[in-house]
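I am meeting this protein model for the first time. Could you explain what the labels put on its parts rest on?

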Amino acid sequence: MNFDLASTPIEYVKGVGPKRGELLRKELNIHTLDDLLRHFPFRYVDRTTFHTIVKIRSTDADVQIIGKFKNLQESRSKSGRRMIIGTFFDDTGEVDVVWFQGLKLIKDFIKPEKKYILFGKPNSFSRRLSFAHPELEEYGQDAEQGRAVLQPVYSTTEKLTATGLHSKGIGKIMQNALDLIRNKWNEILPPELCKKFNLIHREMAFQHIHFPKSESDLEDARFRLKFEELFFLQISVVWQKMLAQKNTKGLVFDQKHGFLRSFYLEKLPFKLTNAQIRVLREIRSDVTSGYQMNRLLQGDVGSGKTLVALLSILMAIDAGYQACMMAPTEILARQHYQTISQMLYGMPVVVRLLTGSTKTSERREIHKMLENNTLHILIGTHALIEDTVVFKNLGLAIIDEQHRFGVEQRAKLWKKNVRPPHILVMTATPIPRTLAMTVYGDLDVSVIDELPPGRKPVATYHITEAHRLRLNGFLKNEIKKGRQVYIVYPLIEESEKLDLLALEKGIEYLQHTFPLPDYQISVVHGRMHAEDKAFEMQRFVKGITQIMVATSVIEVGVDVPNATVMVIENAERFGLSQLHQLRGRVGRGAEKSYCILVTGDKLTSEGKIRIDTMCRTNNGFEIAEIDLKLRGPGDLMGTRQSGLMNLKIANLATDQLVVQQSREAAIHLYENDPELVKPEHQQTKLYYQYLYASGSNYAKIS
Ligand code: ADP
Ligand code: MG
């Protein structure tokens, strides 16, 4: 690639003067020739087919007609605007055409004896078909031949359009830009890759992405450019990861003490699943490797991540280190604290809980115990990462439910020890592996792809208000059998008055329908004090209450195996992964469990997909993929990763195969030539540096 040429200011392109140049920079962030060429069409219109007027409907998209004009005249609209109206006709009928702008040009251009190709979107006006400002082209051999078969459509803005840079205008300067790079746009991908993946030459790819001569040309160009884009993204991810691995020395866990062993032999409540064993091996190998562990543990809800966490913690304690575990909510932190203290009962390991509502005196005590190393495991919320919390020798930090935490928080944990502790991030929002490896480029990925034995998939049903009475009967029946029930209301924003109102009404209705003393109801929502929440939660956990009415605060982690029904009100308002999380609260015991999605009668098409998906499958990975396609990757990760959002042509959600291929290629390149010194890799290296230098976000991925 010719880098000087690539970074030439756009004014260098024929047709771009100072005014257009300024606007292109301001409006579309296009500064250089390279930027311009990367302003890819967002769609193409097929200019190979022609329509006859008789067959056109006002509901059609863009159509193309050959015909002549008659009755062209200047006139004024009702509001007094000057305009030209006329009739365009072919052998089968006629349509009205109207212009409000460029009247003189139109008058000069159109000759009644000549044939034209008219292109535009039909409308219906006073029951006649009409076109406003259609594109026009004189019909004839020349026009036919010079024309791209698939015409590019570019995004543009009002201000640009005013200077003639509407989609077609951009097409024109694009043509000029392409003229500039002819025979100068060198290959930047390693030759062995081009060969292996049959990639077309770079220059041709740019020609064809803008002006494809056929669908297959377009496909080849797309693949080539997506591959290139993702390959350089992967280079940055892979190199960063490899370098971090090399540079960050890790604590080496030896087995001074025998806690893990004695827990395993005496206290382990059940046999580990094969997936749990595999993951624990991966973790063990990390913490004894001499490098710092940075591992993402993905596992569907209920797959038993907590136990993996506990066993990893014991590895740290065996080596004489402290461990901490951070959860996104107080309820969840408390639950982890209880589970872990119970499991460790009788062992000389000290566990404490630290949250926002921990009293000052207790907090002081915890701080002291941490510093003199009499506290081994600290569990809590983000209160853990506050600066006042100082460990004596933190060896392992676990973050549960990653999607609520950002990269910055992870970095804070790093700093809790002189030599950074090993980090294990656990998430129940599984994302496709290739995507995980890209988004969490600095993390290794482990997957628990197996649920503990005996789990029955949760039967999921979709109902509307019409089935309310039947639902009540069903719930009463389950409760009679001794089971417990969740009823969840959407309260996305805890401050939303309407939501709160709905919740209050819902509670009132439930108290009526499920009256005391036969039925006891717990209520938990985000506006309550942490202690009250915990109290209500405990009543439900202990089985004192049969119904738990909650907002989405129970979304993560709560474990009540006796609960068999999850009712989700206004289910259409929840995201797919949230619905799946909620459903994961039931189906934890031996009894058959149910998830009932209650919605209004009308659903948006996306809402329908979400509900249907839930009814169809229990597989978290499948659900995550659909969620990803519905929402796009940015949303899913919680933290926006700018580099990933900056992709111009590839899409991490829909181009997973290319992501995978380009990643393997980048790893291969690293293994082959980590310093990129081989002559055949010089262009690749230069281009990568060019991306860095031009401040592209590629390099900024965490
Ligand atoms: P999650 O991965 O969603 O955090 P948990 O760790 O809460 O899942 O585990 C869900 C339930 O499965 C808990 O009740 C836990 O005790 C149980 N469990 C975990 N591992 C096993 C196993 N190997 N065999 C049987 N039950 C298990
Ligand atoms: Mg969990």
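The questions and answers below take up the ligand, the spaces in the protein and some backbone angles.

Q: How should the model and its numbering be read?
A: This is a predicted model, in which local features need pLDDT of at least 70 and side-chain atom pairs count only at pLDDT 80 or more, while totals for chains, interfaces and linings use all residues. Residues are numbered from 1 along each chain as its sequence is written, chains are lettered from A and ligands numbered from 1 in the order in which they are written, and side-chain values use heavy atoms, with hydrogens and water left out.

Q: Which residues come nearest to ligand 1?
A: A residue is near a molecule if one of its heavy atoms lies within 4 Å of it, and around ligand 1 there are 17 residues, of which Lys271, Gly302, Lys305, Thr306 and Arg455 come nearest. Helix α13, residues 305-318, gives the largest share of this shell, three residues (helices are DSSP runs of H or I with at least four residues, strands are runs of E with at least two, and both are numbered from the N terminus).

Q: What makes the pair formed by Thr306 and ligand 1 a polar contact?
A: A polar contact is a pair of N or O atoms within 3.5 Å, and a polar side-chain atom of Thr306 lies 2.6 Å from an oxygen atom of ligand 1, so the pair meets the definition. An oxygen atom of ligand 1 is also 2.7 Å from an N or O atom in the side chain of Arg455, and a nitrogen atom of ligand 1 is 2.9 Å from such an atom in the side chain of Gln276. The protein covers 84% of the 560 Å² of accessible area that ligand 1 has on its own, an area that comes from the Shrake-Rupley method with a 1.4 Å probe.

Q: Why is ligand 1 said to sit in the second largest pocket?
A: A molecule sits in a pocket if more than half of its atoms lie within 2 Å of its grid points, and ligand 1 is placed in the second largest pocket by that rule. On a 1 Å grid over the protein atoms alone, a pocket is an open set with protein on both sides within 12 Å along at least five of seven lines, whereas a cavity is a set of points where a 1.4 Å probe fits but cannot get out, and lining residues have an atom within 4 Å of a point.

Q: How many cavities of 30 Å³ or more are there?
A: The count comes to two, and the second largest cavity has a volume of about 40 Å³, where a volume is the space filled by probe spheres set on the grid points. Helices α21 (576-583) and α23 (620-631) each supply at least two residues of its lining.

Q: What space does the largest pocket hold, and which residues are closest to its centre?
A: About 1800 Å³ lies in the largest pocket, and of the 45 residues that line the largest pocket, Glu135, His166, Lys168, Gly169 and Lys172 are the closest to its centre. Helix α7 gives the largest share of this lining, seven residues.

Q: What makes the backbone at Asn71, His133 and Pro517 worth a remark?
A: Most residues other than glycine have a negative phi, and most peptide bonds are trans. Asn71, in strand β2 (residues 63-76), has a positive phi of about 55 degrees although it is not a glycine, and His133, also not a glycine, has a positive phi of about 50 degrees. A cis peptide bond, with omega about 0 degrees, joins Leu516 and Pro517, and Pro517 is found in the loop between α19 (497-513) and β19 (521-524).

Conventions. Polar contact = N/O pair within 3.5 Å; in protein donor to acceptor, adjacent residues only side chain to side chain.
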